[in-house]
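Here is a short report to read alongside the model. Please keep the viewer open as you go.

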Amino acid sequence: MTYFANLGQPVCVTGYIWYIEGAKEKILVDSGGDTEHLTRIGLPAHDLQSLESGLNKVGITANDVDLIIQTHLHFDHTAFASRFPNARVIVQKRELEFARNPHPIWAEMYDQKLLASLNFEVIDGDFKISEDVKILFTPGHSPGCQSVSVRTENGLAIIAGLCSILDNYNPPALPDGKTIPVIAPAIHSDLFQAYDSLMRIKELADIILPIHEPAFLTRSVIP
Ligand SMILES: [Zn+2]
């Protein structure tokens, strides 16, 4: 997760489907990962919650969802997108183009079967869903990675769409005692773009929600 930092330390990461409560439409951010795909590339995935159980907890069904904002199209964020029959799926133009014709080194990261039947709404750059929900173009983890800002009563929350954890935004001091503002994600399509996107998120957000941060696993509502 953290480029050239925390080397040699095992990391436990989590994956989420986020539900934005209070918006006019019923909005999800990302559509989850499944054991089949995660274990296929050697990730020891376990304790995955079922889609139904997760939706049940927030009092909605798959039919109710109007909008899925895909931070990006890697298989660990798109596994259940086709299970929402009424949802438009918002994706960046650059992400969809790359996903449909990926560089060979990332061919495994984009499962064409997961993407085939989706009702995509393609955007290019920053985009306003409503006064309270906005999409920020934050490339670098993947070519068309995006983040979602949500105005809450406790400040601006940003679901940071680059595969990252809180350490990326609040780095521990380096072994020599130096401090740095952010750590780029270890998995990236463009390291420097990814760094700039993290800086943009950090400057704007009051609450940062990195999409693989385990600290949210035990919380049902944020903030
Ligand atoms: Zn990821």
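The sections below go through a metal site, salt bridges, a pocket and some backbone details of this predicted model.

## The zinc site

Let's begin with the metal. Four protein atoms serve as donors to the zinc ion: OD of Asp76, NE2 of His77, SG of Cys163 and NE2 of His212, at 2.0 to 2.3 Å from the ion. Along the sequence, the donor residues follow the spacing D-H-x85-C-x48-H. Two of these donors come from separate loops: Asp76 sits between strand 3 (67-69) and strand 4 (88-92), and Cys163 sits between strand 9 (155-160) and helix 5 (166-169), so the pair ties together parts 87 residues apart in sequence. Both Asp76 and Cys163 are buried.

How is the geometry around the zinc ion classed? The arrangement is irregular, because the four donor atoms subtend angles of 85 to 165 degrees. A tetrahedral label would need all angles to lie between 85 and 135 degrees, and the upper end of the range here is 165 degrees. For reference, the ideal angle for four tetrahedral donors is 109.5 degrees.

## Salt bridges

Side chains of opposite charge can pair when their charged atoms come close. Across the whole structure, the search finds eleven salt bridges. One of them joins Asp126 and Arg200, with an N to O distance of 2.7 Å. This pair links distant parts of the chain, 74 residues apart: Asp126 belongs to the loop between strand 5 (120-123) and strand 6 (127-128), while Arg200 is in helix 6 (residues 191-204). Asp126 is partly exposed at 44% relative accessible area, and Arg200 is partly exposed at 28%.

Another salt bridge pairs Glu131 with Lys128, whose closest N and O atoms are 2.7 Å apart. Glu131 counts as partly exposed at 48% relative accessibility, and Lys128 is likewise partly exposed at 48%. Lys178 and Asp176 also form a salt bridge, with 3.6 Å between their closest N and O atoms. Here Lys178 counts as exposed at 54%, and Asp176 is exposed at 53%. Elsewhere, salt bridges with shared partners join Glu25, Arg88 and Glu121 into one network.

## The second largest pocket

Rolling a probe the size of a water molecule over the atoms shows where empty space is left. The second largest pocket has a volume of about 260 Å³. Its lining is made up of 15 residues, and those nearest the centre are Phe4, Ala5, Leu174, Ile180 and Ile183.

Which classes of residue line the second largest pocket? The lining has 13 nonpolar residues and two polar ones, with no charged residues.

## Backbone details

Two aspartates that are worth a look have positive phi values. Asp30 has a phi of about 70 degrees although it is not a glycine, and its place is the loop between strand 2 (27-29) and helix 1 (35-40). Asp47 has a positive phi as well, near 60 degrees, and is found in the loop between helix 1 and helix 2 (51-57).

Are these residues buried or exposed? Asp30 is buried, with a relative accessible area of 0%, whereas Asp47 counts as exposed at 73%.

A last stop is the peptide bond from Ile222 to Pro223, which is cis, with omega near 0 degrees. Pro223 lies in the segment after strand 10 (207-210).

Conventions. Residues numbered from 1 in each chain as written. Predicted model: local features only at pLDDT ≥ 70, side-chain atom pairs only at ≥ 80, totals over all residues. Heavy atoms only, no water. 1 Å grid on protein atoms, 1.4 Å probe; cavity = no way out; pocket = protein on both sides within 12 Å on 5 of 7 lines; lining within 4 Å. Points joined across faces, edges and corners; volume = space filled by probe spheres on them. Nonpolar A, V, L, I, M, F, W, Y, C, P; charged D, E, K, R; others polar. Helix = DSSP H or I, 4+ residues; strand = E, 2+ residues; numbered from the N terminus. Buried < 20%, exposed > 50% of the residue type's maximum accessible area, 1.4 Å probe, protein only. Donors = N, O, S within 2.8 Å, 3.2 Å for Na, K, Ca; no water. Tetrahedral: all angles 85-135°; square planar, octahedral: opposite > 155°, others 65-115°. Salt bridge = Lys/Arg side-chain N within 4 Å of Asp/Glu carboxyl O.
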